Amino acid sequence: MTTLTLLPANKTLDVAPGTSLLKALVDAGIQLAIKCGGNAGCGGCHVFIQEGRKTVSKMTPAENAKLDTLVGVSSKSRLACQVLLGAEPVTVEIPGALSGF
């Protein structure tokens, strides 16, 4: 299991490596504005990976293209639907409007 920390709530979860970040967030009760079914089409699952970026899956061209269309992205931005968690701990910041906290 790997540790997933959710900010700003500072909630910690144990998640199996290889799990989709989106699945982990939904399983934790986080409500996201997803309209595309997790296909990198809407940007509703935009998050910031604050720590552990090297342990998650690499960004796909589709994810990169969608992020290019969103406002408020940074070098830490990812779409949760496209991220597979690795073996090392990861800290994710969920933008306040979408967090459900």
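Here is a walk through a predicted model, starting at its N-terminal hairpin and ending with its salt bridges.

Let's begin with the hairpin. Strand β1 covers residues 2-7 and strand β2 covers residues 11-15, and the two run antiparallel, joined by five bridges. If you want a landmark in the ladder, find leucine 4: across from it, in β2, stands leucine 13. Three residues sit between the two strands, and that short stretch holds a couple of backbone oddities.

One of them is at proline 8, which belongs to the loop between β1 and β2. The peptide bond that leads into proline 8 from leucine 7 is cis, and its omega is near 15 degrees. The other is asparagine 10, also placed in the loop between β1 and β2. Its phi is near 60 degrees, so we have a positive value in a residue other than glycine. As a rule, most residues other than glycine have a negative phi, and most peptide bonds are trans. As for its surroundings, asparagine 10 counts as exposed, at 55% relative accessibility.

Now move on to the loop between α1 and β3, where you'll find alanine 40. Here is another non-glycine residue with a positive phi, this time of about 60 degrees. Is alanine 40 buried or exposed? Alanine 40 is buried, its relative accessible area being 8%.

Isoleucine 34 is in the loop between α1 and β3 too. With a relative accessible area of 31%, isoleucine 34 is partly exposed. Look at where the backbone goes from there: glycine 44 is ten residues away along the chain, yet its C-alpha atom is 4.7 Å from that of isoleucine 34. Leaving aside residues up to four places away in sequence, isoleucine 34 touches Leu22, Cys42 and Cys45.

Two of those contacts are cysteines, which brings up an obvious bench question. How many disulfides does the model have? The count comes to zero. A disulfide is a covalent bond between the sulfur atoms of two cysteines, and to be counted here the sulfurs have to be within 2.5 Å. Take cysteine 42: the closest cysteine sulfur belongs to cysteine 36, and at 3.7 Å it is too far for a bond. Cysteine 45 tells a similar story, with the sulfur of cysteine 81 as its closest cysteine sulfur, 3.6 Å away and again too far for a bond. As for exposure, cysteine 42 counts as partly exposed at 25% relative accessibility, while cysteine 45 counts as buried at 3%.

Right after cysteine 45 comes strand β3, spanning residues 46-51 and including histidine 46. Histidine 46 is buried, with a relative accessible area of 8%. What does its side chain meet there? The side chain of histidine 46 is joined to that of serine 77 by a polar contact of 2.7 Å.

Serine 77 also lies in strand β4, which runs over residues 77-79, and that strand leads us to the charged pairs. The structure holds two salt bridges. One of them pairs arginine 78 with glutamate 63, and their closest N and O atoms are 2.7 Å apart. This pair links distant parts of the chain, since arginine 78 is in β4 and glutamate 63 is in helix α2 (residues 61-67), with their positions 15 residues apart. Where do the partners sit with respect to solvent, buried or exposed? Arginine 78 is buried, with a relative accessible area of 8%, and glutamate 63 is buried as well, at 0%.

The other salt bridge joins aspartate 27 and lysine 23, with the closest N and O atoms 2.6 Å apart. Why can these two reach each other? They are four residues apart in helix α1 (residues 21-27), so about one helical turn separates them. Aspartate 27 is exposed, with a relative accessible area of 56%, and lysine 23 counts as partly exposed at 47%.

Put the two pairs side by side when you look at the model: one sits within helix α1, while the other ties strand β4 to helix α2. The partners in the β4–α2 pair are buried, whereas in the α1 pair aspartate 27 is exposed and lysine 23 is partly exposed.

Note on methods:
Residues numbered from 1 in each chain as written. Predicted model: local features only at pLDDT ≥ 70, side-chain atom pairs only at ≥ 80, totals over all residues. Heavy atoms only, no water. Salt bridge = Lys/Arg side-chain N within 4 Å of Asp/Glu carboxyl O. Buried < 20%, exposed > 50% of the residue type's maximum accessible area, 1.4 Å probe, protein only. Polar contact = N/O pair within 3.5 Å; in protein donor to acceptor, adjacent residues only side chain to side chain. Pairing = 2+ DSSP bridges. Contact = heavy atoms within 4.5 Å.
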